[in-house]
Amino acid sequence: MNLRGLVSVSGKPGLYKVIGQNKSGFVLESLDEQKVKLVVNISTSKLASLEDITVFGENGDLKLIDIFEKIKASESVPDAKSDGKTLRAYFREVAPDHDEEKVYASDMKKILVWYSIIKELPLFDEEPTALPASAEVEESTEEK
């Protein structure tokens with residue numbers, strides 16, 4: 001699963017893909033059917049990259065990508081509009097180590113909504129991208 005370039009914008013529903021950058025912020029495209037383009041000013045909006053998001057855990061934070069992988073492997077995914085008890089029971093399966101006092105039903109709903117958005121995208125089955133080959137060559141020559 002490759003979540004690089006996918007972001008959540010505070011105050012805006014849904015997920016966005018970073019398609020460019022200008023001096024004041026980022027140019028984003030929504031991942032829904034409308035493909036709305038949006039320019040976000042980094043001084044007034046908060047962006048959260050999906051590959052950097054973590055969930056509170058009992059013994060340390062849990063990476064969102066790991067939770068998505070477990071959701072992908074699970075047999076049935078509840079609707080994001082399910083009640084809190086159903087969501088909590090499901091999260092005990094896919095993220096058994098999550099902190100039940102700090103992870104709210106709204107957080108679980110948001111994760112399931114995000115999962116439903118990205119599961120249809122081609123990048124969902126891609127491997128995470130590593131450094132470009134040219135960067136790896138530069139690194140190996142610098143070490144010598």
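**Exercise 1. Determine how helices α1 and α3 are oriented relative to each other, and describe what makes up their contact.**

Solution. Helices α1 and α3 are roughly perpendicular to each other, a statement that rests here on a predicted model. To see why, begin with the axes: those of helix α1 (residues 64-73) and helix α3 (residues 105-118) come within 11 Å and cross at roughly 70°. Angles of 65 to 115 degrees count as roughly perpendicular, and therefore the pair α1 and α3 receives that description. The next step is the sense of the crossing, which is right-handed for α1 and α3. The contact itself is made on the α1 side by Leu-64, Ile-67, Phe-68, Ile-71 and Lys-72, and on the α3 side by Ile-111, Leu-112, Trp-114, Tyr-115 and Ile-118. Sorted by character, the residues of this contact comprise 9 nonpolar and 1 charged, with no polar residue among them.

**Exercise 2. Work out the strand order of the open sheet of 5 strands, and state which strands lie at its edges.**

Solution. The order is β4-β3-β2-β1-β5, and the pairing is antiparallel. The edge strands are β4 (37-41) and β5 (47-49), each of which pairs on one side only. Between neighbouring strands of this sheet the average turn is 45°, with direction ignored.

The individual pairings can then be followed through the sheet. Strand β1 (residues 6-9) is joined to strand β2 (residues 16-22) by 2 bridges, the two running antiparallel, and Leu-6 has Lys-17 of β2 opposite it. Between β2 and β3 there are 6 bridges, again with antiparallel strands, where Gly-20 has Val-27 of β3 as its bridge partner; these two strands form a hairpin with 2 residues between them. Strand β3 (residues 25-30) is in turn linked to β4 by 5 bridges in an antiparallel arrangement, in which Gly-25 is partnered by Asn-41 of β4 and Phe-26 stands opposite Val-40 of β4. The hairpin of β3 and β4 has 6 residues between the strands, and within this hairpin Lys-35 takes a positive phi near 50°.

**Exercise 3. Establish which side chains of β4 are buried and how they are distributed over the two faces.**

Solution. The general expectation is that in a regular strand the side chains alternate between the two faces of the sheet. Strand β4 shows such an alternation: Leu-38 and Val-40 point to one face and are buried, whereas Lys-37, Val-39 and Asn-41 point to the other face and are not buried.

**Exercise 4. Decide for Ser-8 and for Asp-61 whether each is buried or exposed, and list the contacts of each beyond its neighbours within four places in sequence.**

Solution. Take Ser-8, which is found in strand β1. Its relative accessible area is 13%, and since buried means under 20%, Ser-8 is classed as buried. Leaving aside neighbours within four places in sequence, Ser-8 is in contact with Leu-15, Lys-46, Leu-47, Ala-48 and Trp-114; Trp-114 also takes part in the contact of α1 with α3.

Turn next to Asp-61, located in the loop between β6 (54-55) and β7 (62-63). Because its relative accessibility is 53%, Asp-61 counts as exposed, the cut-off for that class being over 50%. With the same exclusion of sequence neighbours, Asp-61 is in contact with Thr-54, Val-55 and Phe-56. As a last step, consider the C-alpha atoms of Asp-61 and His-98, which are separated by 8.1 Å although the residues are 37 apart along the chain.

Definitions and conventions. Residues are numbered from 1 along each chain as its sequence is written. This is a predicted model: local features need pLDDT of at least 70, side-chain atom pairs count only at pLDDT 80 or more; totals for chains, interfaces and linings use all residues. Side-chain values use heavy atoms; hydrogens and water are left out. Axes are lines fitted to C-alpha atoms, for helices over the stretch in contact, and angles run from 0 to 180 degrees between N-to-C directions. Helices (H or I, at least four residues) and strands (E, at least two) are DSSP runs, numbered from the N terminus. Angles under 35 degrees count as roughly parallel, over 145 as roughly antiparallel, 65 to 115 as roughly perpendicular and the rest as oblique. A crossing is left-handed if the near helix is turned anticlockwise from the far one by less than a right angle, and right-handed if clockwise. Contact means heavy atoms within 4.5 Å. Ala, Val, Leu, Ile, Met, Phe, Trp, Tyr, Cys and Pro count as nonpolar, Asp, Glu, Lys and Arg as charged, and the others, Gly among them, as polar. Two strands pair if DSSP finds at least two bridges between them. Buried means under 20% relative accessible area, exposed over 50%, partly exposed in between (1.4 Å probe, protein chains only).
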